[in-house]
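Got the viewer open? Let's take a short walk, one selection at a time.

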Amino acid sequence: MILTDTGPIVALLNADDQFHEQCARLLDRLPPVPLLTTQICFTEAMYLLGSVGGIQYQNALWEWYTAKRLELHNSTPEEFLRMQGLMQLYEDTPMDLADASLVAAAECLSINRIFALDTDFYVYRLGDGSALDIIR
């Protein structure tokens with residue numbers, strides 16, 4: 001599975017997004033496995049897609065989910081505590097909840113690659129001090 005931030009999800013489902021073509025080309029080069037995101041990023045994507053394309057775009061996201069093209073990671077209580085710590089650690093960036101949920105999920109699942117447009121992921125570090133490998 002490929003851990004995925006909100007940005008690529010929105011770009012892939014919104015043909016008018018400035019990053020649509022870039023993300024579509026990258027997705028074609030990735031292994032044909034489901035994308036993985038957090039429930040927090042799914043919620044953010046649902047909101048953003050609704051604001052640009054209404055229910056039609058939101059339905060496309062639901063279709064990805066029901067077709068298992070997108071899977072949701074359920075954050076544990078320990079991950080939520082880690083998110084709080086990460087947001088405090090990166091308060092100068094600042095780190096939002098969606099980004100914190102992805103870093104916590106990466107640590108929990110031992111995943112070091114992320115499909116993201118957000119350049120803040122170049123700053124964030126995993127608990128062991130390693131950097132994420134960003135697919136961009």
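Start with Tyr-65: at a relative accessible area of 37% it is partly exposed, a term for values between buried (under 20%) and exposed (over 50%), using a 1.4 Å probe and protein chains only. Before going on, note that this is a predicted model, where local features need pLDDT of at least 70, side-chain atom pairs count only at pLDDT 80 or more, and totals for chains, interfaces and linings use all residues. Residues are numbered from 1 along each chain as its sequence is written, and side-chain values use heavy atoms, leaving out hydrogens and water.

Now add Trp-62. Both residues sit in helix 3 (residues 39-66), 3 residues apart, about one turn of the helix; helices here are DSSP runs of H or I with at least four residues, strands are E runs of at least two, and both are numbered from the N terminus. Trp-62 is partly exposed too, at 42% relative accessibility. Its ring and that of Tyr-65 are 6.3 Å apart at their centres with planes at 75°, so they pair edge-to-face. Rings of Phe, Tyr and Trp (its six-membered ring) pair if their centres lie within 6.5 Å; planes under 30 degrees apart are stacked, over 60 edge-to-face, the rest tilted.

Next, pick Phe-42, which is buried at 9% relative accessibility. Ring pairs link Phe-42, Trp-62 and Tyr-65 into a cluster.

Last stop: strand 2 (residues 35-38). Which way do its side chains point? Leu-35 and Thr-37 go one way, Leu-36 and Thr-38 the other, and all are buried.
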